[in-house]
Structure formats: C-alpha cells, structure tokens
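This briefing addresses pockets and nonpolar packing. Please consult the sequence and the model shown below.

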Amino acid sequence: MKKTIIAFVALAAALCSYAKPLKLDVPRSQLTGTPVPIKIDNLEAKTPNPEPDVPEDVKNIAKGKKVTSSDDFPLIGELELVTDGDKEAAEGSYVEIQNGFQWVQIDLEKTSEIFAVAVWHYHSQERAYKDVVVQVSDDPTFKSGVKTIFNNDHDNSAKLGKGQNKAYVETNLGKLMVVNPPVKGRYIRLYSNGNTSNDMNHYIEVEVFGR
C-alpha cells in the first residue's frame, strides 16, 4: 500500500510539472506583393500550431545567443537577427544567406533540455522552404551525438536521412516543432535549401523552448 501511494505521488508530481500550454507570441501578418504559386511535393495543409503542455520553467533559451552559419557573409542582414526577438517581416528583420543547402546554428551555451523549436523563415510572402532539417547535438561540428527533431527532406536529397515531416507554408504564425520526448543538447542546427520563390535561404527568428 505504501509503495502504491509513493508511486501515485510521484506520478502526480510529474503531471503537475507539465503545467502550462506553450503558446507562441506571433507577429502581425504582413503579406505583400503578388502571390507566387507554391509547387513542392509533400506539402501539408495549413493548420494551427499545437499548444503542448510544458513545465512551468520552460522558456525561450535561444534569445540573444550566438549564431553561426555555413555562410560567413550573409547577403542581407546579420546572423544575430536570428535570435534578437524581432519576428516582423520587414527588411532589417531577417537574414538572407547563400543559395543551396545551408545551415544556421545557435549555441545555447550549455546542455539544455529542449521541448520545442519555433522557426520563422520569411512571412511577407507565402512560400515553402525545401529540405528543412533541425538537429540538436552537444558537438558543435555535428559529427556525433546528433538528434534530428524535424526533417521534411522526403527524398534524402540533403543526405541527412529521409524525413517523415511534410513541407509547410510560411506564415506569420511560424512553425512550432514539438520535441516529444524532449532531447538534450547545447547546439541547434537548422538546414534549408532555398524555397518555392527563389533559391535563397532566410531566417527571421528561431526560438528554442527549453530549460
């Protein structure tokens, strides 16, 4: 009987630790210009972001953290825009890096427990980004201990493994990638390979929800 009570108390404590829904703070819609047809395989229907329950102490641990990239010289903007907290779509709020398969990487400064990652690539025009892969590791070179939390590269063209996630249309709501169960790591690396409007890669903001 005593063991049963202890187990019940432990279970109740675990459930109570997941006490708040994770709701993204989203910018206003800023669609401009002439819409461009989105032609891409494996495209998901537009759906609202989930609102998973997370522990009370989970927060955006990426804000203000250092960002590096496979492209040392962005064409537009600076890499620090990726984690500066500004999610608006106007020029001056996003970074544009070279065409082809490229990545940006955030150093969380310590190994952290990660529950979700939110990404805004670009939202002044509806478009879909190709070969979006998001990985976590304690190795800054991503040669060991790599955990993939999102991958919509359905044909393995990027050679990081065939993804099970679908491509999606960019909006001001961003894309919330829920990590269930949570994973641990110090570095977040996000890949992409152009989009349905042009060959460039863009990032407005990345949020990493962890502790």
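**Pockets and core of the predicted model**

With four residues, β6 is the element that contributes most to the lining of the second largest pocket. Strands are DSSP runs (E, at least two residues), numbered from the N terminus. The model is predicted: local features need pLDDT of at least 70 and side-chain atom pairs pLDDT 80 or more, while totals for chains, interfaces and linings use all residues. Residues are numbered from 1 along each chain as its sequence is written, and side-chain values use heavy atoms, without hydrogens and water.

**Second largest pocket**
- A pocket is an open set of points on a 1 Å grid over the protein atoms alone where a 1.4 Å probe fits, with protein on both sides within 12 Å along at least five of seven lines; lining residues have an atom within 4 Å of a point.
- The volume of the second largest pocket, the space filled by probe spheres set on the points, is about 150 Å³.
- Its lining includes Asp 57, Lys 59, Glu 109 and Arg 211.
- The lining of the second largest pocket comprises two nonpolar, three polar and six charged residues.

**Largest pocket**
- The largest pocket has a volume of about 210 Å³.
- Of its 14 lining residues, Glu 44, Lys 46, Thr 47, Val 169 and Gly 174 lie nearest the centre.

**Nonpolar core**
- The largest nonpolar core (buried residues, under 20% relative accessible area with a 1.4 Å probe, joined through side-chain atoms within 4.5 Å) has 41 residues, of which Ile 114, Val 206 and Val 208 touch the most other members.
- β6 supplies the largest share of this core, 10 residues.

Methods:
Ala, Val, Leu, Ile, Met, Phe, Trp, Tyr, Cys and Pro count as nonpolar, Asp, Glu, Lys and Arg as charged, and the others, Gly among them, as polar. Buried means under 20% relative accessible area, exposed over 50%, partly exposed in between (1.4 Å probe, protein chains only).
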